Amino acid sequence: MLDRLGKFQYPFLIICIVFIYGINLLSSYINPYYLQIIIFSGINIILAVSLNVINGLCGQFSLGHAGFMAVGAYLSAFLTYYYKVPFPIALIAGGLASGIIGIGVGIPTLRLRGDYLAIATLGMGEIIRVVLFNLDIVGGARGFPGIPKYTDFFWVYLIVMLVLLSSYNLLKSPQGRAILSIREDEIAAEAMGVDTTRFKIFAFVFGSFWAGVAGGLWAHYLQFLHPSSFTFMKSVEILVMIVLGGLGSIGGSAVSAVFLTFLPEALRYIKVIFNTTVDPRMVIYSLLLILTMLLRPQGLIGGYRRKVRDQ
Amino acid sequence: MISEILQQLINGIALGSIYALIALGYTMVYGILKLINFAHGDVYMVGAFAGYFAVTSFHWGIMPAFLFAMVVCAILGVSIERFAYRPLRMAPRIAALTTAIGVSFLLENLGVIIWSPTPRAFPQVLPLKIYEGIYQRFGVIVNNRQLVILSVSIGLMILLQFIVNRTKIGMAMRAVSFDRETAWMMGVNIDYVISFTFAIGSMLAAAGGVLVGIYFNRIDPLMGVMPGVKAFVAAVLGGIGSIPGAMAGGFILGIAEILVSAFIASTYRDAIAFAILIIILLVKPSGIFGTLTREKV
């Protein structure tokens, strides 16, 4: 339960839905360029918050978020394009498919201690991309055009709300406490009777499900998919968001997701001013990663949260 | 058919020895710091570029270029450890991993900006020579570059084995990887040993980079991404922390990759390494040469 809302959670939810629906009705008056950035912000919030559940709350290290996104994007686009499946069902199917792949990767790697998950998820992302390159039914290397445009402000922010709510609720639940205890000290958690493997897999699948849903939203907004959109770079982009927002801080990662969606747009002007074609974005991202970890490991925004104990 | 398999085996061994050289750096750093040094693949890339500039800009021969690349990378590796990893040695694991990714990305993107992402042709320092006699007798093509790669990497591996098993600093390295705190109490200078490990690992990666330049004739700033990850898989396959394991893992991975691209489909070439990783984690997570260790409080 959301602590501060308690039993008002559901009325709050309904008010939010009405509010989002209202803004959606006005969205045709918003400048399309800004509307696009706002929608990408929403999708990035979903990605960042869901990755934060894996990396920040559970303390595991997943680098495959772009891969999960790709699975959700391609599967939901496949369903709506070929079978005219209703959009919400396609989104859920995409999320479930990501979740199932998450189980497949999680079971062999998460029962081990150490950082095998990082390499396995990195590899999984590459395998998914290789497979998509060779799958002719979804366009292969030519890309997948002509996906119907179903994603709008309403759907994106409805799901943003669901992700935030489910993550907060998870955090406050007994299961969430178990997940946190794994991050703090895995051996102690195990000694206290926490089934560490089960909860690690649970957190991982939770995150990959939402990444798949975010991929579905992305596909039905851009109306075109290509395997090269889901490289390792994309995963690192999401990682920068959660590191900057503070590992383990849900609100922080949402704020920094919005910030980092606007940043490239601001950098466009810098490129124009300095009259350069060099894209400094990735250098800035990597410096942000290193400097945040060295100077302010709790993140720029999530500072009010208790520091992760050194071990 | 036999000769074709044999031919692919030879190609696989040549590729595998490169993976083995990179995997050694991973496995040593992991053995001592329990950290996946994601930047290691990019150190290998810098090594290839250092060799390239030594030959093209300084007009040096192949041997000085080789040594130059190794020295540059040793300095790079030690400074990465000093400035990016050492401050986080006591921090949670995830912080060090994130920094490692950051360093890797920084090197790649600085490389892209400074050297441009277009691939460059590595100068032909070693004229290609094909051994006709072997071709006539066995039907397989062996060239001098493959022999150079194989002999240089095996030579370096023997040297490494000697350093680790027969010298004082090698004993210190083994002690630190066995139990850092106890080694420290016995008077081992931990910082020095870790710096030394990074220097050696980076030198091996640099050697791999120059050899790849000679063998494939093509270098670019993103060349380290895939071999870096695959070399880590090789290290896991052989048993992470084990030096003979990293060598064996590298060779197995190189051969498997070449066989898949020759007999199944070259598009699945990059996927095989990760398929092997998932299988090894399911079947024997400690790797071929690894010993199972229980983590204690």
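Guide: Helix axes here are lines fitted to C-alpha atoms over the stretch in contact, and angles between N-to-C directions run from 0 to 180 degrees. This model is predicted.

Visitor: How is the packing of two helices described?

Guide: Two packed helices are described by the angle between their axes and the distance between the axes. Take H6(B), residues 144-166, and H7(B), residues 168-178. They pack at about 75°, with axes 5 Å apart. Angles from 65 to 115 degrees count as roughly perpendicular, so H6(B) is roughly perpendicular to H7(B).

Visitor: Which residues make the contact?

Guide: From H6(B), Ile163(B), Val164(B), Asn165(B) and Arg166(B). From H7(B), Gly170(B), Met173(B) and Arg174(B). They divide into 3 nonpolar, 2 polar and 2 charged.

Visitor: Now H12(A). What span should its 15 residues have?

Guide: At 1.5 Å a residue, 21 Å. The end C-alpha atoms of H12(A), residues 281-295, lie 20 Å apart, which agrees.

Visitor: Where do the buried residues of H12(A) fall, seen down its axis?

Guide: Within an arc of 165°, so they line one face of the helix. Among them are Tyr285(A), Leu289(A) and Met293(A). The face turned away carries exposed Leu291(A) and Leu295(A).

Visitor: What do the buried residues of H12(A) pack against?

Guide: H10(A), together with H3 and H4 of chain B.

Visitor: How many residues of chain B are in contact with chain A?

Guide: 37, against 39 residues of chain A. H4(B) gives the largest share of the chain B side, 14 residues. That side divides into 29 nonpolar, 5 polar and 3 charged.

Notes
Residues numbered from 1 in each chain as written. Chains lettered and ligands numbered in written order. Predicted model: local features only at pLDDT ≥ 70, side-chain atom pairs only at ≥ 80, totals over all residues. Contact = placed C-beta atoms within 7 Å. Helix = DSSP H or I, 4+ residues; strand = E, 2+ residues; numbered from the N terminus. Nonpolar A, V, L, I, M, F, W, Y, C, P; charged D, E, K, R; others polar. Expected span 1.5 Å × (residues − 1). Buried ≥ 20, exposed ≤ 12 C-beta atoms within 10 Å, placed from the backbone. Arc of directions from axis to C-beta. Parallel < 35°, antiparallel > 145°, perpendicular 65-115°, else oblique.
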